[in-house]
Amino acid sequence: MILWVAVTCFLSCSSETDRKADHAENEFAHSPLKDSLPENPTEMSKAGADTTKYLFEIEGLYKLTDTIGDCKMELRIFRNKKQFNYQLKTATRQWQGDVLLSFNEKKDGYYITLKGIEWSEYEGVVDPDEQDEQPEEEKALPQEVQGVLYNNEITIQNTGNSMNYYVKFGDCDLKYIHLIKRAR
């Protein structure tokens with residue numbers, strides 16, 4: 001008799017837990033936040049003035065956290081009509097252009113692309129098998145800089161390695177550039 005009560009309680013308790021989990025999953029699947037987030041990066045960048053379509057506030061002034069040598073950097077992201085734009089200043093140069101956003105894999109942050117910034121150096125991916133066979137040719141410098149935007153921080157990998165050599169900002173001697181939002 002006691003065994004029957006224990007089994008009955010176990011079955012009814014576990015089915016109640018399963019029903020609650022299913023209900024929570026269904027609620028998330030139909031969440032207004034989930035439905036309002038565009039999947040397409042272009043759509044996301046041009047989503048309009050309604051900031052509820054974003055996980056967090058994008059616009060603002062982001063400044064370099066490490067002040068090593070002459071490496072100074074300031075990035076302002078703002079909205080111009082329905083497009084995000086940027087103004088970027090270093091110690092020696094200035095750029096401005098469009099910003100593109102796309103979700104990261106976990107959809108808890110964004111990949112950010114700053115259009116119109118020519119890299120300082122780029123040799124491309126090195127293939128050890130072909131390195132001696134082909135003459136070295138001039139590679140076109142990429143014209144955009146990518147990074148990761150998460151809450152109030154943008155991280156950009158500034159330099160590559162011996163197998164994929166590049167330098168995005170030559171006047172900044174940092175492997176990773178961390179820009180922290182200081183103001184709106």
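How many disulfides does the structure hold? The count is 1. This is a predicted model.

## Overall layout

The chain contains 3 helices and 11 strands. Reading from the N terminus, the order is α-α-α-β-β-β-β-β-β-β-β-β-β-β. The helices therefore precede the strands in sequence.

Of the 184 residues in the chain, 32% are buried. The exposed surface comes to about 12100 Å². Carbon and sulfur atoms supply 52% of that area. Among contacts with a separation of 6 or more, 53% are between residues 24 or more positions apart.

## The disulfide

A disulfide is a covalent bond between the sulfur atoms of two cysteines. Here C71 is joined to C172, with an S to S distance of 1.8 Å. The pair links distant parts of the chain, 101 residues apart. C71 sits in the loop between β1 and β2 (73-80). C172 sits in the loop between β10 (164-167) and β11 (176-183).

The torsion about the S-S bond of C71 and C172 is about -55°, so this disulfide is left-handed. Is C71 buried or exposed? Its relative accessibility is 3%, so C71 counts as buried. C172 has a relative accessibility of 4% and counts as buried too.

## Aromatic pairs

The structure holds 7 aromatic pairs. One of them joins F56 and Y110 edge-to-face, at 5.4 Å centre to centre and with 65° between the planes. F56 lies in the loop between α3 (41-45) and β1 (60-64), and Y110 lies in strand β5 (residues 110-115), so the pair ties together parts 54 residues apart in sequence. F56 and Y110 are both buried.

Y110 also pairs with F103. This pair is stacked, at 5.4 Å centre to centre and with 25° between the planes. F103 is buried, as is Y110. Y54, F56, F84, F103 and Y110 form one aromatic cluster. A charged residue joins the picture at F103: K107 lies over the face of that ring, 5.7 Å from the ring centre.

## Salt bridges

Side chains of opposite charge can pair when their charged atoms come close. The model has 3 salt bridges. E59 pairs with R79, and their closest N and O atoms are 3.9 Å apart. Why does this pair tie together parts that are 20 residues apart in sequence? E59 lies in the loop between α3 and β1, whereas R79 belongs to strand β2. E59 and R79 are both buried.

E74 and K63 meet in another salt bridge, at 3.8 Å from N to O. E74 is in strand β2 and K63 in strand β1, 11 residues apart. E74 counts as partly exposed, at 28% relative accessibility. K63 is partly exposed as well, at 32%.

E144 forms a salt bridge with K115, with the closest N and O atoms 2.7 Å apart. This pair links strand β7 (residues 144-150), which holds E144, to strand β5, which holds K115. The two residues are 29 apart in sequence. E144 is partly exposed, with a relative accessible area of 26%. K115 is partly exposed at 32%.

## Shared elements

Several elements recur across these features. Strand β5 contains Y110 of the aromatic cluster and K115 of a salt bridge. Strand β2 contributes R79 to one salt bridge and E74 to another. The loop between α3 and β1 holds F56 and E59.

Definitions and conventions. Residues numbered from 1 in each chain as written. Predicted model: local features only at pLDDT ≥ 70, side-chain atom pairs only at ≥ 80, totals over all residues. Heavy atoms only, no water. Helix = DSSP H or I, 4+ residues; strand = E, 2+ residues; numbered from the N terminus. Buried < 20%, exposed > 50% of the residue type's maximum accessible area, 1.4 Å probe, protein only. Contact = heavy atoms within 4.5 Å. Areas by Shrake-Rupley, 256 points an atom, 1.4 Å probe, with all protein chains shown as cover. Phe/Tyr/Trp six-rings, centres within 6.5 Å; stacked < 30°, edge-to-face > 60°. Lys NZ or Arg CZ within 6 Å of the ring centre and 35° of its normal. Disulfide = S-S within 2.5 Å. Salt bridge = Lys/Arg side-chain N within 4 Å of Asp/Glu carboxyl O.
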